[in-house]
Amino acid sequence: MDGRDAATDLELLRAHVAGDRDAFAELFRRHRDRLWAVALRTLGDREEAADALQDALLSAHRAAGRFRGDSAVTTWLHRIVVNACLDRVRRRQAHPTVPLPDGDPAGDGSGTRGVEPAAPIQDHDTALVVRQALATLPVEQRAALVLVDVQGYPVAEVARILGVAEGTVKSRCARGRARLAVALGHLRPARPQPSDPVADVPGVTPGNPRPVEGVGSGPGRYRRDANQEDT
């Protein structure tokens, strides 16, 4: 087993600073999937995300010697990636673009350099709609939601990544979720209403002259119970 496999993130970063040419590559390999996912969901565009991730990794590569160890190496890496994404969002706000789907835009397999697997076909349309809805959010809300709700980071960790208070992260997430609830409301499945065929099925079929014990004895009883379950 390569000694780098057993090394901690901090040990790899220190080895990189000391001159190990392969240490930083191993560090990136460990965390590239999540870093790429954060960049893609924050920017909504694969080419922009790839460029932001490359910019961030170059910054991290050069700034490794200034890492003080006040946070985990992964937190530090995510902060650099998020900042690179936010810089790009702010620069392009005057010229908004339509997010691209999860397919390879060039058609040659080079879009993500093999970092992110393609979305399942059945989830493609929904994923695109969600990404487009995310792209309409203010950038601060978008970054918080991507980290908390999409990537599953704890609020405390996200606060360290974004450099804000935990309460600020919660507030941004709450406002972002409220906006998404409106934008994505059409994706929610409709609940059965009493007039729907399912709700009109009688409690006892014509072939059962006697009510079964514990089951409603007629349509009125069934509808009343169904209505109570819906409330």
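Select Val-38, Arg-41, Thr-42 and Leu-43 in helix α3, then Arg-142, Val-146, Leu-147 and Val-150 in helix α7: these two groups meet in this predicted model, where contact means heavy atoms within 4.5 Å. The residues of this α3 and α7 contact comprise 5 nonpolar, 1 polar and 2 charged. For these classes, Ala, Val, Leu, Ile, Met, Phe, Trp, Tyr, Cys and Pro count as nonpolar, Asp, Glu, Lys and Arg as charged, and the others, Gly among them, as polar.

Next, display both helices in full, α3 as residues 23-43 and α7 as residues 139-150; their axes come within 9 Å and cross at roughly 135°. Axes are lines fitted to C-alpha atoms, for helices over the stretch in contact, and angles run from 0 to 180 degrees between N-to-C directions. The pair α3 and α7 is therefore oblique; angles under 35 degrees count as roughly parallel, over 145 as roughly antiparallel, 65 to 115 as roughly perpendicular and the rest as oblique. The crossing of α3 and α7 is right-handed, that is, the near helix is turned clockwise from the far one by less than a right angle, anticlockwise being left-handed.

Keep α3 and add α5, residues 73-92. The axes of α3 and α5 are 10 Å apart, at an angle of about 30°, and the two helices are therefore roughly parallel. The crossing of α3 and α5 is also right-handed. On the α3 side, select Leu-27, His-31, Arg-34, Leu-35, Val-38, Ala-39, Thr-42 and Leu-43; the residues of α5 in this contact include Val-73, Leu-77, Val-81, Cys-85 and Val-89. By class, the contact of α3 with α5 has 12 nonpolar, 4 polar and 3 charged residues.

Within α5, centre on Thr-75. Thr-75 counts as buried at 1% relative accessibility; buried means under 20% relative accessible area, exposed over 50% and partly exposed in between, with a 1.4 Å probe and protein chains only. Apart from its neighbours within four places in sequence, Thr-75 is in contact with Glu-157, Arg-160 and Ile-161.

Move now to helix α8, residues 155-162, and select its buried residues: Glu-157, Val-158, Ala-159, Ile-161 and Leu-162. The buried residues of α8 pack against α5, α7 and α9, the last spanning 166-183. After α8 comes Gly-163, with a positive phi near 70°.

Then select Arg-131 in helix α6, residues 121-135. Arg-131 is buried, with a relative accessible area of 7%. Add Gly-44 to the selection: Arg-131 and Gly-44 are 87 residues apart in sequence, and 6.0 Å apart in space from C-alpha to C-alpha.

Finally, show the whole chain, which has 10 helices and 0 strands; helices (H or I, at least four residues) and strands (E, at least two) are DSSP runs, numbered from the N terminus. Of the 231 residues, 36% count as buried. Among contacts with a separation of 6 or more, 64% are between residues 24 or more positions apart. The accessible surface is about 13700 Å², with 52% belonging to carbon and sulfur atoms; these areas come from the Shrake-Rupley method with a 1.4 Å probe, and for residues only the protein chains shown count as cover.

Residues are numbered from 1 along each chain as its sequence is written, and side-chain values use heavy atoms, with hydrogens and water left out. In this predicted model, local features need pLDDT of at least 70, and side-chain atom pairs count only at pLDDT 80 or more, whereas totals for chains, interfaces and linings use all residues.
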